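Open the model in your viewer and keep the sequence panel in view. The stops below are given in the order in which to select them.

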Amino acid sequence: MIISIDKGSGFCFGVTSAITKAEEELAKGPLFVLGDIVHNGQEVKRLEKKGLETIDYDDLRTLHNVRVLLRAHGEPPSTYHIAQRNNNEIIDATCPVVKKLQERIRETYQAHRDAQIVIYGKAGHAEVIGLQGQTNNTAVIVETPEDIAKIDFTRDIYLFSQTTMSIEGFQKLIDTIRQRSKKNFEFHDTICRNVANRVANLKAFAAEQDLVLFVGGKKSSNAKVLFEHCREANPHTVFIEGPEEIEGLEVKGYGLREDMKIGICGATSTPLWLMEQCKNKIENGQNSDNRRSHLGR
């Protein structure tokens, strides 16, 4: 049996930087983080054991004189104002790519107050909340074809994208707006290629396997998207959150043969150590009973 971990899977640069900064700051004393530092429950628990305490916006409004880390997704200006008012120290771990995007949207909004800012992204996503905040929450969020009805095509339009959205979907939106716009239309391709380029590589990896275990957090939108791409390349793809789900897992039509190729991959929010645990779980299970015909049985 060959068990491989996709070399391109795991934390993106922004998440890696945020977690490194959290660990550095935890060594100095108590630290809070606004929202889950990463959309992966196991990694959140690991950092909580080190002392990191996750809070929400209600908590932020009542906490005073503490240190608060802002995760890679970024935050709207209002978050900084609340922290300053309560004399809280901000440890800013916003991804540099997201930070630059926030600046571009803010500058465009301030320079073109009569125009309409459109953001291709998921409404309610942490990054999008931060982006929309740069426009005093006036930007139009478009995720689905139905959302296009929100756009006022009689105004100048400036289009941006959440960093983790689909390049193909963004291009379709560009074409639609270009066809219907009655005024000036400008678009800015702000999709992070570090994330976008993973799709092709991940699909190629999945296609080479007999069975794919996709490891990701249920809260991660990136995990959901990448999992679907994986399953498109290989129908024998299973979504799991960690090694504990391997126990008792039965994949129809697949016994664990000696010549079987199992691929393990994950999202930009999936730590390498978690994928390695999944690999070890399978290897240890096979070593203890090579005659089992299904995972965990």
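This tour of a predicted model goes through nonpolar cores and then aromatic pairs.

**Stop 1: L69**

Select L69, which sits in strand β4 (residues 67-70). Is L69 buried or exposed? Its relative accessible area is 0%, so L69 counts as buried. Now show what surrounds this side chain. Apart from neighbours within four places in sequence, L69 is in contact with A18, K21, A22, L31, F32, V33, L34, I37, I91 and A93. For a sense of scale, add A149, which is 80 residues from L69 along the chain. The C-alpha atoms of L69 and A149 are 37 Å apart.

**Stop 2: the largest nonpolar core**

L69 also belongs to the largest nonpolar core, a set of 19 residues. Select I19, L31, I37, V38, L52 and L69, the members with the most contacts inside this core. Which elements each supply at least two residues of this core? They are α1 (13-26), β2 (31-34) and α2 (41-49). Colour α1 separately, since the largest share, 5 residues, comes from this helix.

Next, centre on I19. Leaving out neighbours within four places in sequence, I19 has contacts with F11, I37, V38, E43, R46 and L47.

**Stop 3: the second core**

Move to a second, separate core, which has 17 residues. Among them are Y120, V140, F170 and F185. Keep F185 selected for the next stop.

**Stop 4: the aromatic pairs**

How many aromatic pairs does a search of the whole structure find? There are 5. One of them joins F185 and F187, with ring centres 6.0 Å apart. The angle between these two planes is 35°, and the pair is classed as tilted. F185 has 17% relative accessibility and is therefore buried, whereas F187, at 36%, counts as partly exposed.

Then select F227 and F239. Their ring centres are 5.3 Å apart and their planes lie at 85°, which makes the pair edge-to-face because the angle is over 60 degrees. F227 belongs to helix α10 (residues 221-233) and F239 to strand β11 (residues 237-240). The two residues are 12 apart, and their pairing links distant parts of the chain. F227 is buried, with a relative accessible area of 9%, while F239 is partly exposed at 23%.

Finally, add F214 to the selection: ring pairs link F214, F227 and F239 into a cluster.

Conventions: Residues are numbered from 1 along each chain as its sequence is written. This is a predicted model: local features need pLDDT of at least 70, side-chain atom pairs count only at pLDDT 80 or more; totals for chains, interfaces and linings use all residues. Side-chain values use heavy atoms; hydrogens and water are left out. Rings of Phe, Tyr and Trp (its six-membered ring) pair if their centres lie within 6.5 Å; planes under 30 degrees apart count as stacked, over 60 as edge-to-face and the rest as tilted. Buried means under 20% relative accessible area, exposed over 50%, partly exposed in between (1.4 Å probe, protein chains only). Helices (H or I, at least four residues) and strands (E, at least two) are DSSP runs, numbered from the N terminus. Contact means heavy atoms within 4.5 Å. A nonpolar core is a set of buried Ala, Val, Leu, Ile, Met, Phe, Trp, Tyr and Cys residues joined through side-chain atoms within 4.5 Å.
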